[in-house]
Amino acid sequence: MAPTKSHTTLQVPTLSALGPLTPEEADLFEKLDLARLPRHVAVIMDGNGRWAQQRHLPRVAGHRSGTKSARTTIETCARLKIEALTLYAFSVENWRRPKTETDFLMQLLREYLRREMPLIQKNDIRMQFLGRTDDLPMAVQEDVRDAMQRTAGNQGMVLCIALNYGGRAEIVDAMNAILAEQNGHAGSAAITEEMLSRHLYTSGLPDPDLLIRTSGEMRVSNFLLWQIAYAEIFVTETLWPDFSRARLLEALVEFQKRERRYGGIREGQSEPEESARVVGE
Ligand code: FPP
């Protein structure tokens, strides 16, 4: 699908959107062009285990602390009127971790949904879950359904939690959905990029234009493989539990410094038609 070049947000946020700022945040906020924020920010929240290890704590303490960074990121993006935020909470590959850790993460997510619902509602956030949610433990499935139903009428930012998510699995699921749709129809239409995009878990949302990864790893880890085709990637050494509002603003400032060409050339760099013509033509 042709990438969209616009960076329109829901509305342009006001200077007071974030409330009181630290001097560092104020400095970063000043550098931001609020009319040119990314439409969709996706985050690989990495480094919880290392954060805990550095403090001689069990790994799960890192995950628990990571929920605070999630809260800050969600609230800040919602207040900046960013259209969509996707957080990579649990991948299809994460089931390879010890059962105690996967059980903890599922429990933490359930707790999180319960505890943060007032904040989600206050900020008019609509929740979606991306992934093979039908394969999650039944209690988690119920909470996921409940969170979606309770926020379905909200008009603000869409918060996507990637849960039991895999980028390759998503593309396979989209292909199977297309096949199922075409089954029974006489003659099947060729699959187009637009058709595939429409069958992804993110159908209807703009593709992420900014992908943030914490803890310094230079990988995309099977995250939104189709959708990040033109995303700007921002990798920070900061471990996820230390990812503060200032670090998020820093990522947004960095995003606005990037020149986005979508395979084209820099604006103002095209040659006049005449000189581009082959001599003697
Ligand atoms: C990666 O760190 C993190 C995860 C696999 C889990 C992320 C989950 C949370 C932050 C909990 C909150 C969830 C929501 C939706 C708010 P890691 O364990 O791979 O860290 P490491 O690479 O240092 O071991």
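Here are some short exercises, each with a worked solution, on the predicted model shown above.

**Exercise 1. Take stock of the whole protein: how many helices and strands are there, and how does the radius of gyration relate to the globule rule?**

Start by counting elements: the protein has 9 helices and 6 strands. Next, take the radius of gyration, which is 21 Å, close to the 19 Å that the globule rule gives for 281 residues, so the protein is as compact as a globular protein of that length. Finally, look at the extents: the C-alpha trace spans about 75 × 60 × 35 Å along its principal axes.

**Exercise 2. Describe the shell around the ligand: which residues are the closest, and which elements each supply at least two residues?**

Begin with the residues themselves. The ligand is surrounded by 19 residues, and the closest are Gly49, Arg50, Gly66, Ala70 and Ala89. Then turn to the elements: at least two shell residues each come from helix 2 (48-54), helix 3 (59-79), strand 2 (84-91) and helix 4 (99-122). To finish, sort the shell by class, which gives 10 nonpolar, 7 polar and 2 charged residues.

**Exercise 3. Work out how helix 3 and helix 4 pack: what is the angle, and is the crossing left-handed or right-handed?**

A reminder before you start: two packed helices are described by the angle between their axes and the distance between the axes.

Step one is the geometry: the axes of helix 3 and helix 4 are 11 Å apart, at an angle of about 30°. Angles under 35 degrees count as roughly parallel, and helix 3 and helix 4 are therefore roughly parallel to each other. Step two is the hand of the crossing, which is right-handed. Step three is the contact: helix 3 brings Arg59, Val60, His63, Arg64, Thr67, Arg71 and Glu75, while helix 4 brings Glu101, Phe104, Leu105, Leu108, Tyr112, Glu116 and Leu119. By class, this contact of helix 3 with helix 4 has 6 nonpolar, 2 polar and 6 charged residues.

**Exercise 4. Now follow helix 4 to its contact with helix 5: which residues make the contact?**

First, the axes of helix 4 and helix 5 (residues 138-151) come within 10 Å and cross at roughly 15°. Helix 4 and helix 5 are therefore roughly parallel to each other, and their crossing is left-handed. The residues in contact are Met106, Leu109, Arg110, Leu113, Met117 and Ile120 from helix 4, with Ala139, Val140, Asp143, Ala147, Arg150 and Thr151 from helix 5. Sorting the contact of helix 4 with helix 5 gives 8 nonpolar, 1 polar and 3 charged residues.

**Exercise 5. Try helix 1 and helix 8: at roughly what angle do the axes cross?**

The axes of helix 1 (residues 23-31) and helix 8 (residues 245-257) cross at roughly 20° and come within 9 Å. Helix 1 and helix 8 are therefore roughly parallel to each other, with a left-handed crossing. Helix 1 contributes Glu24, Glu25, Leu28, Phe29 and Lys31 to the contact, and helix 8 contributes Arg245, Ala246, Leu249, Glu250 and Val253. By class, the contact of helix 1 with helix 8 has 5 nonpolar, no polar and 5 charged residues.

Definitions and conventions: Residues are numbered from 1 along each chain as its sequence is written. This is a predicted model: local features need pLDDT of at least 70, side-chain atom pairs count only at pLDDT 80 or more; totals for chains, interfaces and linings use all residues. A residue is near a molecule or strand if its C-beta atom, placed from the backbone, lies within 6 Å of it. Helices (H or I, at least four residues) and strands (E, at least two) are DSSP runs, numbered from the N terminus. Ala, Val, Leu, Ile, Met, Phe, Trp, Tyr, Cys and Pro count as nonpolar, Asp, Glu, Lys and Arg as charged, and the others, Gly among them, as polar. Axes are lines fitted to C-alpha atoms, for helices over the stretch in contact, and angles run from 0 to 180 degrees between N-to-C directions. Angles under 35 degrees count as roughly parallel, over 145 as roughly antiparallel, 65 to 115 as roughly perpendicular and the rest as oblique. A crossing is left-handed if the near helix is turned anticlockwise from the far one by less than a right angle, and right-handed if clockwise. Two residues are in contact if their C-beta atoms, placed from the backbone, lie within 7 Å. The radius of gyration is taken over C-alpha atoms; the globule rule is 2.2 Å times the number of residues to the power 0.38.
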